[in-house]
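User: Please take a close look at the aromatic side chains and the helix packing in chain B of this model, and set the scene with a few words on chain A before you begin.

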Amino acid sequence: MRVPRKRSPSRGVLLRAAPLALLLAVACAPSADASAKVQCSLQLSPSPAHVGPALAELTLSEDGRPLEQASLTVQGNMNHAGMVPSQARVTELGAGHYKAEFEFTMGGDWILIVDGKLADGRSFERTLPMPGVASK
Amino acid sequence: MTSAAPARRRRSRGVLEWPLVGALLRWRHSRLLLQVPLFLVALVLVLHGLFGPRLAPMNLATVMVWVHYRGALVLVLLVAGNLFCMGCPMLALRDLARRFVHPRFDWPQALRNKWLSIGMLVGVLFGYELFDWWGDPRATAWLIVAYFGAILAVDLVFKHASFCKFVCPIGQFNFAASTISPLEIRAADARVCETCTTKDCIKGSELSRGCELALFVPEKRGNMDCTFCLDCVHACPHENVALARHEPADDLGLDPHRSGLGRFSKRPDLAALVTVFCFGALLNAFGMVSPVYAVQRWMAGVMHVESEWPVLTALFGVALVVEPLVLLGLACWATRAATGSHESLLTLGVRHAYCLAPLGFGIWIAHYSFHFLTGLLTFVPVLQKALCDLGAPILGQPIWRLGGLPKSAALPIELGLLSLGVIASCVVAWRIAERSASRRTLAAFLPWAALVLLLAGAAVWLFEQPMEMRGTFLQ
């Protein structure tokens, strides 16, 4: 016959405290990202991409409206460790378009990290995958 | 007393007599000095892997494990010995756990060989390719956790160092690689061991436990199965265990009875380990060059599949089973035909396969040192970023331009290391040929030299291919 186990008092306190902790965690969570609606699209040349100099044309918009005069830092990274990231030189072309010049230093999967500050002071970060860069 | 003093002067304990380092190694808790920092590093890697950035080049887990740990491991094996097994943090945790849980069982007799660990080694190589661990900080962190869990699961049930000797894939890699290391544990003076009645180095004493890997110092030859734990050093009441010079790859050409191992020529599992070690080095390097994707696409087309695992399984089967069987089989057949031997192909293969260990190591170290040297400083900005993310930018803002040697400078180093492996493999092949066919040494040597050169040629071709690392299949 199984003897019913006595529930420890501390366990009961923990069980009661858990929903409260969850509630507090949700209440204290940061508000929605102020730049959530910022769209960042990428047009890459040459296409298909291969090792060597590359040009990424980035288009920034929000609710269909182009975002001008943003300050952008663009960094190309491989999806694996041990490679020095490729820092891009960024120029604004106007009407929400920006030109980022950088170099693919190795074949494989790349990721473009766009770190930006909009004209109204809001910051955003976008990660744009660039898979399958050919080695030749 | 008067006769003992000159005898003590004659025998050398090698590194153990060096100032400072020797005293440190002779200290009973010296191993902890390596284990504790490595445990803390492992803890940081797990935490950053699980909670840090998801991008592999920005996470300490992926950077340190797949670039720095692997590179440092092979370089330390080349210049010193199996120090990473000596400093294994998992053993420290196991020893702590064994204070509370005492293992009761002996490792099963049927598994007292290398077959299971060969499977584990192949499994790790397979998982690395299939799950792209190199590009996944979370998976890398869980891999570290799983490793800690595995050693506890095995060594809290089974006595001695069952995990190290029969399961650990990294350990088997280190054992095979340490055959070329310049240091080994051995008796300082064989005459002292002859008069020893207590055999504390294997049985243990109140000073220390004996060798957990069943290596009896007077009959120990080379580095196979030795984790450099120094238990024998601390247990020996005669201070007769040395950490002394080992001629790299020298003992691979010999076939004495070795404590805890027997004769190499009677161990097909050890020969298979060395073979997988060598062909696995080629396969691992092949996995990150451009042609592998063309081969995978072609195989997927032939097999009419779209998922990666059947293609990888076939690729591993070809590279680690079919190719070695065919190439070693041909070398055995040529040896038999040229020497007029009546021995079986298996016997010849098991005897000669050990000549592939230095070449295998040459390929591994060329490959890993490339990543290590070209990415040497890449951990610095990752560490800077991690500290910035924690709100403690004590090392400043990340300097992402920090890298390492240019690729063009790394290639000659790669080829130099590979050449050393080729030369050592040829020397071992010659010694084995000399031993097994003293009258037709050249005839017995040539097939194996040809095999070594063929595999080395394949390695050179691989190193000259453009690197390409993808995390996606059939792209």
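Analyst: Chain A of this predicted model contains 1 helix and 9 strands, and these follow one another along the sequence in the pattern α-β-β-β-β-β-β-β-β-β. Of the 136 residues in chain A, 38% are buried, and among the contacts that join residues at least 6 apart in sequence, 58% link residues at least 24 apart.

Turning to the aromatic side chains, the structure holds 16 aromatic pairs over all chains. One of them is formed by Tyr147(B) and Phe163(B), whose rings meet edge-to-face, with 5.9 Å from centre to centre and 80 degrees between the planes. Tyr147(B) belongs to helix α8 (residues 137-155) of chain B and Phe163(B) to helix α9 (residues 162-167) of chain B, so this pair ties together parts that are 16 residues apart in sequence. Tyr147(B) and Phe163(B) are buried.

Another edge-to-face pair is that of Phe173(B) and Trp364(B), where the centres are 5.1 Å apart and the planes make an angle of 75 degrees. Here Phe173(B) is part of helix α10 (residues 169-177) of chain B, while Trp364(B) is part of helix α18 (residues 356-374) of chain B, so the pair ties together parts that lie 191 residues apart in sequence. Both Phe173(B) and Trp364(B) are buried, and they join Phe277(B) and Tyr368(B) in one aromatic cluster. A ring and a charge come together at Phe264(B), since the charged end of Arg258(B) sits over this ring, 3.6 Å from its centre.

The helix packing can be followed in α20 (residues 407-436) and α21 (residues 441-463) of chain B, which pack at an angle of about 165 degrees with their axes 9 Å apart. An angle over 145 degrees counts as roughly antiparallel, and α20(B) and α21(B) are therefore roughly antiparallel to each other. In this arrangement α20(B) passes α21(B) in a right-handed crossing. The residues of α20(B) that make the contact include Leu411(B), Leu415(B), Leu418(B), Val422(B), Cys426(B), Ala429(B) and Trp430(B), and those of α21(B) include Leu442(B), Phe445(B), Trp448(B), Val452(B), Leu453(B), Ala456(B) and Phe463(B). Glu414(B) and Glu434(B) of α20(B) also take part in this contact, as does Thr441(B) of α21(B).

Note on methods
Residues numbered from 1 in each chain as written. Chains lettered and ligands numbered in written order. Predicted model: local features only at pLDDT ≥ 70, side-chain atom pairs only at ≥ 80, totals over all residues. Heavy atoms only, no water. Phe/Tyr/Trp six-rings, centres within 6.5 Å; stacked < 30°, edge-to-face > 60°. Helix = DSSP H or I, 4+ residues; strand = E, 2+ residues; numbered from the N terminus. Buried < 20%, exposed > 50% of the residue type's maximum accessible area, 1.4 Å probe, protein only. Lys NZ or Arg CZ within 6 Å of the ring centre and 35° of its normal. Axes fitted to C-alpha atoms, helices over the stretch in contact; angles between N-to-C directions. Parallel < 35°, antiparallel > 145°, perpendicular 65-115°, else oblique. Left-handed = near helix turned anticlockwise from the far one by under 90°. Contact = heavy atoms within 4.5 Å.
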